[in-house]
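Biologist: Before we discuss any details, could you put the sequence and the structure in front of us, and then take my questions one at a time?

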Amino acid sequence: MIRGTSMTKIMELDREDFDEVINNCDQMVIVEFYTNSCPNCKNMEPIYTNLAETMGNKARFCRVNAQLHQEIAMLYGVQSVPTFKFFCHRKPIGEIVGAVNKTILKNTIVDFGQWREKCFKGSTPISYDMTGYV
């Protein structure tokens with residue numbers, strides 16, 4: 001069952017929801033893999049929440065508890081938390097592993113977001129170049 005609050009705009013996903021969101025979303029999808037016992041995940045929570053609130057028009061923000069849903073984490077090669085995976089047209093296009101500051105996460109979202117139109121045309125693979133940080 002997809003869970004989230006109107007305040008955060010972050011969907012908590014299980015296996016069934018994960019497939020539904022990744023396969024049917026018309027936006028870039030960002031998935032934070034986390035665990036409840038991870039101190040770095042707790043430090044990233046307010047940053048991720050703030051970005052979901054301010055950038056929700058650029059991407060779909062989701063979370064997966066990697067401890068509860070190990071099969072999803074293993075499928076996408078998540079070996080440590082927090083890991084932020086970026087998906088476009090059902091395919092992973094990049095990731096950030098570990099705690100980072102807000103600027104790095106925000107600029108990564110902006111950089112990957114610039115490819116949105118090409119991504120959803122389903123054409124040839126795209127070379128994703130990062131434009132740098134502000």
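Biologist: How many helices and how many strands are there in the chain?

Modeller: This is a predicted model, and we can begin by following its elements along the chain. From the N terminus on, they run β-α-β-α-β-α-β-β-α-α. Counted by type, there are 5 helices and 5 strands.

Biologist: What pLDDT does the chain average?

Modeller: The confidence is not even along the chain, since residues 1-7 have a pLDDT below 50, and over residues 123-128 the pLDDT also stays under 50. The model nevertheless has 15 contacts for residues 1-7 beyond near neighbours in sequence, and 10 contacts beyond four places in sequence for residues 123-128. At least 70 is reached by 79% of the residues, and the chain averages a pLDDT of 85.

Biologist: Which element supplies the largest share of the largest nonpolar core?

Modeller: That core has 20 residues, and those that touch the most other members are Met28, Ile30, Phe61, Phe86, Leu105 and Ile109. At least two residues each come from β2, α2, β3, β4, β5 and α4. The largest share, 6 residues, comes from α2.

Biologist: How many residues are in the second, separate core?

Modeller: For the chain as a whole, 46% of the 134 residues count as buried. Val21, Ile22, Cys25 and Ile72 are included in the second core, which is separate from the largest one and has 17 residues.

Biologist: At roughly what angle do the axes of α2 and α4 cross?

Modeller: In α2, the residues that meet α4 are Met44, Ile47, Tyr48, Asn50, Leu51 and Met55, and their partners in α4 are Lys102, Leu105, Lys106, Ile109 and Val110. By class, this contact has 8 nonpolar, 1 polar and 2 charged residues. The crossing of α2 past α4 is right-handed. The two axes come within 10 Å, and they cross at roughly 35°.

Biologist: Which two residues does a cis peptide bond join?

Modeller: Most peptide bonds are trans, whereas a cis bond has an omega of about 0° here. One partner, Pro82, has its place in the loop between α3 and β4. The cis peptide bond joins Val81 and Pro82.

Biologist: Among contacts with a separation of 6 or more, what percentage comes from residues 24 or more positions apart?

Modeller: Here we set aside pairs with a smaller separation in sequence, and we look at the contacts in the chain with a separation of 6 or more. Residues 24 or more positions apart account for 62%.

Technical notes. Residues numbered from 1 in each chain as written. Predicted model: local features only at pLDDT ≥ 70, side-chain atom pairs only at ≥ 80, totals over all residues. Heavy atoms only, no water. Axes fitted to C-alpha atoms, helices over the stretch in contact; angles between N-to-C directions. Helix = DSSP H or I, 4+ residues; strand = E, 2+ residues; numbered from the N terminus. Left-handed = near helix turned anticlockwise from the far one by under 90°. Contact = heavy atoms within 4.5 Å. Nonpolar A, V, L, I, M, F, W, Y, C, P; charged D, E, K, R; others polar. pLDDT = per-residue confidence, 0-100. Core = buried A, V, L, I, M, F, W, Y, C linked by side-chain atoms within 4.5 Å. Buried < 20%, exposed > 50% of the residue type's maximum accessible area, 1.4 Å probe, protein only.
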